[in-house]
Amino acid sequence: MIELKNVHKVFKNKYYSTEILTDVSFSVPTGSWTTIVGPSGSGKSTLLNIISGLLPPDSGNVSINGTNIYQLTDPERSELRRKEIGFVFQDFKLLPYYSILDNVILPLYYDRDKKQLYARAEELLNMVGISEALFSRLPEGLSGGEKQRVAIARSLIANPQMLICDEPTGNLDRENRDNIVDILLKLKNQGKTIVLVTHDMEIADRGDEVYRLINGTLTQSEVRV
Ligand SMILES: Nc1ncnc2c1ncn2[C@@H]1O[C@H](COP(=O)(O)OP(=O)(O)OP(=O)(O)O)[C@@H](O)[C@H]1O
């Protein structure tokens with residue numbers, strides 16, 4: 001369960017002060033899919049960064065399974081992030097000079113048995129529909145949809161409970177988008193908790209809960225988009 005209570009965030013320096021989140025409270029039950037929509041610049045990525053322990057709020061609480069993540073030390077928070085949260089981004093963020101298989105194992109490269117790690121990576125790549133013929137390619141040899149499927153496999157390498165997805169289908173055509181949505185639904189049905197930001201109203205409709213972020217606050221969408 002992810003819980004945010006009265007989260008407030010201002011970006012400021014000596015020239016400006018911009019209040020991005022005024023008072024955000026919501027919770028995401030374990031094993032559910034929550035979608036966040038909102039205008040460009042409304043603070044959706046900022047909110048994801050706060051939820052995932054990358055950006056402390058100015059006030060308010062963020063807890064994951066009852067632990068206030070900003071009361072943890074930095075190393076404890078990094079460890080929680082590494083083990084419990086998988087990330088999927090619009091631009092895939094695959095490393096260009098590593099093979100597909102190596103991209104998938106990289107998050108755990110230094111602390112797991114390599115043989116087991118490669119076996120798990122192969123299993124994950126199979127699960128997202130990437131054929132073995134692609135395992136040794138560099139990312140540049142893949143289509144956008146394939147890259148995103150590899151990125152999802154990478155996000156699962158540590159078997160995290162949560163997936164944070166920032167516009168995961170923003171660079172994809174309709175067919176690939178639907179394919180990624182199907183994979184995410186399958187993961188949700190396996191018990192993963194998904195928090196997804198999108199501009200695509202058709203995807204928003206696939207989640208269990210939809211929130212709109214407008215003027216610094218989050219409101220639950222009463223009518224499904
Ligand atoms: N580190 C920062 N310092 C100052 N302002 C920032 C910083 N990060 C984000 N912002 C500003 O906060 C606002 C919200 O940004 P954010 O990226 O969270 O919006 P978003 O809703 O995800 O936008 P989009 O849909 O366009 O990706 C924007 O006006 C952005 O310029």
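Which residues have the most contacts inside the largest nonpolar core? I put this first in the notebook, with the reminder that the model is predicted.

**Entry 1. Core**

I looked up the largest nonpolar core and found 57 residues in it. Those with the most contacts inside this core are I51, V104, A153 and I164. In general, nonpolar side chains in soluble globular proteins tend to be buried together. I then took V104 and listed its contacts, leaving out residues up to four places away in sequence. V104 touches A121, L124, L125, V150, A153, R154 and I157. A153 thus appears in both lists, as a contact of V104 and as one of the residues with the most contacts in the core.

**Entry 2. Whole chain**

I noted seven helices and 10 strands in the chain. The C-alpha atoms fill a box of roughly 50 × 40 × 35 Å along the principal axes. I compared the radius of gyration, 18 Å, with the value near 17 Å for a compact globule of 225 residues, and the two agree. Of the 225 residues, 40% count as buried. I also checked contacts between residues at least 6 apart in sequence: 69% of these join residues at least 24 apart.

**Entry 3. Shell around the ligand**

Which residues surround the ligand? I recorded F11, T18, I20, G38, S40, G41, S42, G43, K44, S45 and T46. The elements that give two or more residues to this shell are β2 (17-28) and α1 (44-51). The largest share, three residues, comes from α1. By class, I counted two nonpolar, eight polar and one charged residue in the shell.

From this shell I followed T46, which lies in helix α1. Is T46 buried or exposed? T46 counts as buried, because it has 20 C-beta neighbours inside 10 Å and 20 or more is the condition for burial. Leaving out residues up to four places away in sequence, T46 touches K9, I20, L21 and L55. Of these contacts, I20 is also listed around the ligand. I took one long separation as well: the C-alpha atoms of T46 and D178, 132 residues apart along the chain, are separated by 26 Å.

**Entry 4. The open sheet**

I traced an open sheet of four strands in the order β2-β1-β4-β5, with antiparallel pairing. The edge strands are β2 and β5 (67-68), each of which pairs on one side only. Within this sheet, eight bridges join strand β1 (residues 2-12) to β2. As a reference pair I noted L4, whose bridge partner in β2 is F26. The edge strand β2 is also one of the elements that contribute to the ligand shell.

**Entry 5. β3, β9 and β10**

How many bridges join β3 to β9? I found four between strand β3 (residues 33-37) and strand β9 (residues 209-214), which run parallel. V37 has R212 as its bridge partner in β9. On the pairing of β9 with strand β10 (residues 217-220), I recorded four bridges in the antiparallel sense. Here R212 stands opposite T219 in β10. R212 therefore links the two pairings, given that V37 is its partner from β3 and T219 its opposite in β10, with DSSP bridges as the criterion for strand pairing.

β9 and β10 form a hairpin with two residues between them. In the turn, N215 has a positive phi of about 50 degrees.

**Entry 6. β6 and β7**

I examined β6 (85-89) and found four of its five residues buried, so the strand is largely enclosed by the rest of the structure. Five bridges join β6 to β7, and these strands run parallel. V88 stands opposite C165 in β7.

**Entry 7. Positive phi outside glycine**

I looked up two residues with positive phi that are not glycine. F92 has a phi of about 70 degrees and is found in the loop between β6 and α3 (100-105). N159 has a phi of about 55 degrees and is found in the loop between α5 (144-155) and β7 (162-166).

Which of the two words, buried or exposed, applies to F92? F92 is buried, with 20 other C-beta atoms within 10 Å. N159, by contrast, is exposed, with 12 other C-beta atoms within 10 Å.

Key
Residues numbered from 1 in each chain as written. Predicted model: local features only at pLDDT ≥ 70, side-chain atom pairs only at ≥ 80, totals over all residues. Rg over C-alpha atoms; globule rule 2.2 N^0.38 Å. Contact = placed C-beta atoms within 7 Å. Near = placed C-beta within 6 Å. Nonpolar A, V, L, I, M, F, W, Y, C, P; charged D, E, K, R; others polar. Core = buried A, V, L, I, M, F, W, Y, C linked by C-beta atoms within 7 Å.
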